[in-house]
Amino acid sequence: MADIPAVMQAAVLTGHGGPEMIEIRSDWPVPQPGPGEVLVRVTATAKNNTDRKVRQGLYDTSADGAVASFRMAGDTLQFPRIQGADVVGRVAAVGAGVDPARIGQRGLLDFNIYPDARRDLNLAPDYYGHGADGGFAEYGVFPSGQFHHVPNADLSDAQLATLGMCAWHTALHMLTSSAVSAGDRVLVTGASGGVGTALIQLCRVLDAVPFALASPGKDEVLRDLGAEAVIHRGAGDLEAAVLDGAGRIDAVMDLVGGEMTVPLLQAMCHDMPSRATPPRMSIAGASNGNLTQIPWTLVYLNQIRIAGVSHGTRAEAERLINWIREGRLRPVLAGTVPLSRLREAEVAFAERSSGFAGKMVIVPDSQWAEHGAPTAMAV
């Protein structure tokens, strides 16, 4: 590590609150890789909604909001913390037991901190950027086996970051949890965000038919990604709008929650005798409200299957990496922002419904000329 500096630029979250809780430091110690780990020189890290929710303490799992962050894996969120889950960069050094040939490889991080070695189950999810430091810095340390080599020359580093696991892994686990298969008609809420755009593409990979529910102004990009039709969620009676825009819906991938949940459940229950499968809903977000009154008779009489989804499995992550290497997934890059302007990026990200579709990517200032400037966005 002789050519690696002792300190680095890093965005450090110091506690729950607004963007002012993020300190942009230039004197943060560069971490050193331990056994089985790689030190990554970060070039691009995509922003996700979970960054904002952790900062604001919005992962309350109790009705009174007393719990500030999810604790399935214990109290792993400690301050100060470097956020940023979808990390792209190049291996700068390796720890004991890691092949030195990895140095220089470009990779994408599987962001999960897995509780065990099981490949098909992950019931205590945690991730880099929450339970350990992530990628909003010049360097980061991660498990070698989860920093996957992706050499595809047609993908810039910023584009590769948009294919990061936080959104895509969640999206794939939503689809598998609802057993979505070829021919299924799938409604995607919050369709213009990172998970939503991933869901639309993954439906097409699985030969399912996606329908997008989004605010006006996103129709062209969503259709271009594969949406069969775009339904505007402000169109009065939501249940009627869904039925008019999509007809039969086999499954709903819900990232919004709140008052939208019941109309979406109702929309799936029309003409039940003609269905070949029970109605299904995967829920992986509650941006429209954390509490919803649900008529459980609607659920059990119509045999609706509801799946809560947070993080996926090792097997699903490897499946996604293979699809990226095969060129089957398309990046949706809204633009890049320098790390020194992360606070402004947080504000712009929160207001993204009126500004952009796809993923915002943060680039360290030292990497900006090569990996950020060509796709810069205003914040």
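**Helix packing, cores and cysteines**

Student: In this predicted model, at roughly what angle do the axes of α1 and α10 cross, and which orientation does that give?

Tutor: The axes of α1 and α10 come within 10 Å and cross at roughly 105 degrees. Angles of 65 to 115 degrees count as roughly perpendicular, so the orientation of α1 and α10 to each other is roughly perpendicular.

Student: Which residues of α10 make the contact with α1, and how many charged residues does the contact have?

Tutor: On the side of α1, the contact is made by N49, D51, R52 and R55, and on the side of α10 by E346, F349 and A350. Sorted by class, the contact has two nonpolar residues and one polar residue, and the number of charged residues is four.

Student: How many of the eight residues of α1 are buried, and which elements are included in what covers them?

Tutor: Helix α1, residues 49-56, is mostly covered, with six of its eight residues buried. The buried ones are T50, D51, R52, K53, V54 and R55. What covers these buried residues includes the strands β1 (7-13), β2 (22-29) and β3 (37-46), together with the helices α3 and α10.

Student: Which residue just after α1 takes a positive phi, and of about how many degrees?

Tutor: Helix α1 spans residues 49-56. Just after α1 comes the residue with the positive phi, G57, at about 70 degrees.

Student: How many residues has the largest nonpolar core, and which helix gives the most to it?

Tutor: The largest nonpolar core has 57 residues, and those with the most contacts inside it are L199, L202, I324 and L329. Eight of its residues come from the helix that gives the most to this core, namely α3 (residues 165-177).

Student: Which residues does I324 touch, leaving aside those up to four places away in sequence?

Tutor: I324 is one of the residues with the most contacts inside the largest nonpolar core. With residues up to four places away in sequence left out, I324 touches L108, V150, N152, L155, L160, L163, M165 and L329.

Student: Why does C166 form no disulfide, and how many disulfides are counted?

Tutor: A disulfide needs two cysteine sulfur atoms within 2.5 Å, whereas the sulfur of C166 is 19 Å from the closest cysteine sulfur, in C203, and is therefore too far for a bond. The sulfur of C269 is likewise too far for a bond, because its closest cysteine sulfur, in C203, is 19 Å away. By this rule the count of disulfides is zero.

Terms used:
Residues numbered from 1 in each chain as written. Predicted model: local features only at pLDDT ≥ 70, side-chain atom pairs only at ≥ 80, totals over all residues. Heavy atoms only, no water. Core = buried A, V, L, I, M, F, W, Y, C linked by side-chain atoms within 4.5 Å. Buried < 20%, exposed > 50% of the residue type's maximum accessible area, 1.4 Å probe, protein only. Helix = DSSP H or I, 4+ residues; strand = E, 2+ residues; numbered from the N terminus. Contact = heavy atoms within 4.5 Å. Axes fitted to C-alpha atoms, helices over the stretch in contact; angles between N-to-C directions. Parallel < 35°, antiparallel > 145°, perpendicular 65-115°, else oblique. Nonpolar A, V, L, I, M, F, W, Y, C, P; charged D, E, K, R; others polar.
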